[in-house]
Amino acid sequence: MLVQTSRFGQVQSSQEEVIIFPKGLIGFESVRHWIIVPDPVGEDVAWIQSIAEEQVALPIISPRKFAPDYKICISNRQLSDLHIRRTDQIYVFSVVSKSGKSLTMNLRSPVVINLTKRLACQVISSENLPIAVPLDLNTLQTLKVAA
C-alpha cells in the first residue's frame, strides 16, 4: 500500500508493517494506525507516521542512545493492550519535540512497541522522570531542520 505523507511524500508499506495503537497516542487518541519510517538522513531517528493523517508524524529515538542509564518501570496494566509474551520483540522509544530552538526527548511517557504483534502504546510513568531532556543538535542534525 502507498501511504501519503506531508514530510516524506508517498511511502511504500505493507499491511503487515502497520502498528496499531489501540488507545492512540497522547494528543492523537483517535489516530490508531501508524507505520515506522526511517529518517532519510539520520540513522538514530525514525518517525511514526499516521497512515490516515498525512501531516501527523512524530520523530522517535532510542532513549538509551542519549541517556544510557535510562530505566522505566511500567505496570502490567499499562502494557495489557500489547499482549506481551516472553518471546516478543519489545522496543521503547522516546518522542522528540522542539522546544524553542532546541530539541528534547520525553523520558516520562515513552512509546512501547511490541514489534512481534504490531501493537503499541504510549505509557506515562509514575516515576519522576523528565519530560523534556535536551538533545545535542549535532547528533540529531537531520531533525534540526525537519522538526
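Which backbone nitrogen does the side chain of Ser125 reach at 2.9 Å? The first legend has the answer, and all the views come from a predicted model.

**View A. Ser125 in the loop between β10 and β11.**
The side chain of Ser125 reaches the backbone nitrogen of Glu127, and the distance is 2.9 Å. Ser125 sits in the loop that runs between β10 and β11 (133–134). With a relative accessibility of 7%, Ser125 counts as buried, because the limit for that label is under 20%. Setting aside neighbours within four places in sequence, Ser125 is in contact with Ile72, Cys73 and Arg108. Cys73 is 52 residues away from Ser125 along the chain, yet their C-alpha atoms are separated by just 7.1 Å.

**View B. Asp88 and its polar partners.**
Here we're in the loop between α2 (76–79) and β7 (90–99), where Asp88 lies. Asp88 counts as buried at 11% relative accessibility. Its side chain does two things worth zooming in on. One is a polar contact of 2.6 Å between the side chains of Asp88 and Lys117. The other goes to the backbone: the Asp88 side chain reaches the nitrogen of Arg85 at 2.9 Å. If you skip residues up to four places away in sequence, Asp88 touches His83, Asn114, Thr116 and Lys117.

**View C. Two residues with positive phi, His83 and Arg118.**
His83, one of the residues that Asp88 touches in View B, is found in the loop between α2 and β7. His83 isn't a glycine, but its phi is positive, at about 50°. Is His83 buried or exposed? At 51% relative accessibility, His83 counts as exposed, since the label applies over 50%. Arg118 also isn't a glycine and has a positive phi, in this case about 60°. Look for Arg118 in the loop between β9 (111–114) and β10. Arg118 is partly exposed, with a relative accessible area of 23%.

**View D. Gln49, a buried polar side chain in β5.**
Gln49 is found in strand β5, residues 46–50. At 0% relative accessibility, Gln49 counts as buried. So what do the polar atoms of its side chain lie beside? The backbone oxygen of Glu54 lies 3.2 Å from a polar atom of the Gln49 side chain, and the backbone oxygen of Val56 lies 3.1 Å from a polar atom of that side chain. Not counting residues up to four places away in sequence, Gln49 touches a list of residues that includes Val3, Phe8, Trp34, Ile35 and Ala57.

**View E. Ile35 and the nonpolar cores.**
The largest nonpolar core has 19 residues, and Ile35 is among those with the most contacts inside it, along with Ile61, Tyr70, Met105, Leu107 and Leu135. The elements giving two or more residues to this core are β4 (33–38), β6 (57–61) and β8 (102–105). A second core of 15 residues is separate and includes Ile19, Val56, Leu58 and Ala120. Leaving aside neighbours within four places in sequence, the contacts of Ile35 include Val11, Val18, Trp47 and Ile51, as well as Gln49 from View D.

**View F. The largest pocket.**
About 170 Å³ of space lies in the largest pocket. α2 and β10 (119–122) are the elements that give two or more residues to its lining. Among the lining residues are Lys23, Glu29, Arg77, Gln78, Cys121 and Gln122. If you sort the lining by class, you get five nonpolar, three polar and four charged residues.

Terms used: Residues are numbered from 1 along each chain as its sequence is written. This is a predicted model: local features need pLDDT of at least 70, side-chain atom pairs count only at pLDDT 80 or more; totals for chains, interfaces and linings use all residues. Side-chain values use heavy atoms; hydrogens and water are left out. Helices (H or I, at least four residues) and strands (E, at least two) are DSSP runs, numbered from the N terminus. Buried means under 20% relative accessible area, exposed over 50%, partly exposed in between (1.4 Å probe, protein chains only). A polar contact is a pair of N or O atoms within 3.5 Å; within protein, one must be able to donate a hydrogen and the other to accept it, and residues adjacent in sequence count only if both atoms are side-chain atoms. Contact means heavy atoms within 4.5 Å. On a 1 Å grid over the protein atoms alone, a cavity is a set of points where a 1.4 Å probe fits but cannot get out, and a pocket is an open set with protein on both sides within 12 Å along at least five of seven lines; lining residues have an atom within 4 Å of a point. Grid points are joined across faces, edges and corners, and a volume is the space filled by probe spheres set on the points. Ala, Val, Leu, Ile, Met, Phe, Trp, Tyr, Cys and Pro count as nonpolar, Asp, Glu, Lys and Arg as charged, and the others, Gly among them, as polar. A nonpolar core is a set of buried Ala, Val, Leu, Ile, Met, Phe, Trp, Tyr and Cys residues joined through side-chain atoms within 4.5 Å.
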